[in-house]
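User: I'm new to this one and would like to learn how its contacts are judged. Could you walk me through it?

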Amino acid sequence: MMSIHWLWTALALAAVWFFLQDLFLMKKRKRFPPGPKGLPIIGNLHLLGKNPHQDLAKLAKKHGPLMYMRFGYVPAIIVSSPEAAEKFLKTYDQVFASRPYHESSWHVSYEQRNLSFAQYGPYWRNMRKLCILQLLSSHKINSFLPMRREEVGTLVKSLKQAASDGAAVDLSAAISSLGANMSCLMIFGKKYMDKDFDDRGFRDVIQEALRLGATPNLGDYFPLLGVLDLQGLTRRFKDLAKVFDKFFEKIIDEHLQSQEHKQTKDVVDIMMGIMQSGEAEFEFDRRHVKAVLLDLLVASMDTSVTAVEWAISELLRRPEAMRKLQKELEDKVGLERTVEESDVEGLEYLDMVIKETMRLHPVAPLLLPHESMEDCAVDDFHIQKKSRIIINVYAIGHDPNVWPDPETFIPERFKDSNIDLRGQDFQLIPFGSGRRGCPGLQLGILLVRFVLAQLVHCFNWEPADNIKPTDLDMSETFGLVLARAKHLKVVPTYRLQE
Ligand code: HEM
């Protein structure tokens with residue numbers, strides 16, 4: 001009797017041993033991508049500085065285009081080659097189409113009910129479809145053409161005044177205001193540059209939200225620390241959330257009370273119309289409307305104008321490229337009138353300048369973070385469920401194996417090339433690609449083309465303060481968009497014959 005008892009115990013122990021061994025071997029058999037060694041607890045967080053896109057690009061040179069890192073408790077995969085990006089954004093797009101938990105979005109955007117940080121699923125799918133069909137369609141974009149013409153015209157007028165005074169202008173500030181005005185008019189139907197928002201004013205509050213949104217939050221990487229809010233970010237986000245909420249409530253109420261018959265409906269009109277009609281086939285209340293309003297505001301305000309700012313900076317440093325673009329515009333439009341939106345389609349050199357600018361200075365150098373929804377194998381490497389996927393388009397754009405002489409601004413490299421920036425060619429994906437690719441691409445490209453063409457056609461430019469064009473400071477500052485670290489100060493000379 002005793003010996004049988006021992007036999008069972010021995011068999012049970014053997015089973016446990018084999019099970020554990022198997023588990024251990026299975027773990028070992030899983031091959032993670034190579035990457036830098038992490039420290040206990042913080043993992044690789046200490047390797048990220050002020051410009052994480054540049055830090056990650058340097059690390060990828062050492063560890064390869066598919067790199068495993070750990071930020072606190074969050075596993076991360078850094079993707080830094082066109083081939084690897086294609087795997088994540090096309091081949092296995094469905095697995096990697098979600099977004100990670102994002103503390104700031106959680107508080108400011110009604111528990112991630114916005115589009116850009118919504119988790120992959122029916123809500124995100126429906127909301128994206130609604131935004132594309134109702135808010136960002138060609139028809140809707142065209143309906144705002146007179147507004148864009150007027151706003152760009154106002155900017156040109158003020159620059160013309162500065163030109164006749166021989167004064168230097170802060171072009172970064174001027175086109176940033178243009179971006180904010182155009183976004184407000186499209187979304188709210190009116191400009192908010194005053195104290196309507198709160199005591200700090202509209203722009204300051206939005207800028208603060210952008211700055212805080214880009215600050216690495218320990219709560220995103222150490223879920224337990226989130227509760228302690230050691231950086232004080234959660235508290236500030238909750239404060240901001242209240243300010244935004246009050247502002248959006250006021251705008252919505254104004255829209256509901258207004259009896260005015262509008263020719264062009266703004267985004268609030270359309271969203272409220274859908275909410276009240278009950279025709280949305282998914283949960284859609286004021287929280288969803290407000291989350292998407294903020295989303296579109298943030299996504300559209302600084303993106304296109306930042307690209308224009310970089311393009312002008314690069315053209316200043318390469319005067320022959322500036323002249324070539326001016327010549328193309330002159331051939332098409334002449335010097336007797338200003339450029340219209342309808343002129344900018346099919347301008348070959350303009351498009352080459354824009355592609356080259358977005359290669360060198362992608363507006364969103366790491367796209368937005370993606371998250372894997374299940375375990376997956378890519379190139380025989382194991383990618384865990386809930387890994388954060390970071391596509392480093394900056395690294396791809398600066399890789400000498402992809403682009404010869406990558407640090408030099410050479411629009412001509414796109415001559416006779418089929419490479420486009422709409423997400424099919426993975427060496428140039430400033431708008432991302434696949435399910436999560438930018439739904440505002442058409443509007444974004446249109447704005448960059450129109451504003452850049454207008455500024456280059458109307459004016460000759462020189463750096464202010466007698467700085468030599470080649471000495472222009474081109475350093476970057478990382479945020480929700482990759483902006484110039486120093487504002488671009490320039491002296492314009494009007495060149496049209498009116
Ligand atoms: C030059 C201008 C623009 C650039 C370079 C740009 C770039 C991007 C990028 C890189 C992403 C993330 C893609 C990813 O995670 O894979 C994105 C997402 C997004 N963009 Fe844009 N964008 C621009 C303009 C706009 C405009 C004008 C709007 C709307 C008015 C807009 C709305 C959005 C939204 C809503 C998302 C989130 C999409 C989602 O998660 O499903 N963008 N954009």
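Analyst: Happy to! This is a predicted model. A good starting place is His-370, where a side-chain N or O atom lies 2.8 Å from an oxygen atom of the ligand.

User: What makes the pair between the ligand oxygen and the side chain of His-370 a polar contact?

Analyst: A polar contact is a pair of N or O atoms within 3.5 Å. The His-370 pair is 2.8 Å apart, so it counts as a polar contact. Arg-436 also places a side-chain N or O atom 2.8 Å from a ligand oxygen. With Leu-368, a polar backbone atom is 3.4 Å from an oxygen of the ligand, which is still within the 3.5 Å limit.

User: Which elements give two or more residues to the shell around the ligand?

Analyst: Those are helices H5 (122-135), H14 (286-301), H15 (303-317) and H19 (441-458). The shell's residues divide into 14 nonpolar, eight polar and three charged.

User: Why is Cys-438 called a donor of the iron atom?

Analyst: Donors are N, O and S atoms within 2.8 Å of this kind of metal. The SG atom of Cys-438 is 2.3 Å from the iron of the ligand, so it qualifies, and it is the only protein donor. Cys-438 sits in the loop between helix H18 (393-397) and H19.

User: How do you know that Asp-266 caps H13?

Analyst: A side-chain oxygen of Asp-266 lies 3.1 Å from the backbone nitrogen of Val-268, at the N-terminal end of H13. That is within 3.5 Å, so the pair meets the distance limit for a polar contact. After H13 comes Gly-278, with a positive phi near 70°.

Technical notes: Residues numbered from 1 in each chain as written. Predicted model: local features only at pLDDT ≥ 70, side-chain atom pairs only at ≥ 80, totals over all residues. Heavy atoms only, no water. Polar contact = N/O pair within 3.5 Å; in protein donor to acceptor, adjacent residues only side chain to side chain. Helix = DSSP H or I, 4+ residues; strand = E, 2+ residues; numbered from the N terminus. Nonpolar A, V, L, I, M, F, W, Y, C, P; charged D, E, K, R; others polar. Donors = N, O, S within 2.8 Å, 3.2 Å for Na, K, Ca; no water.
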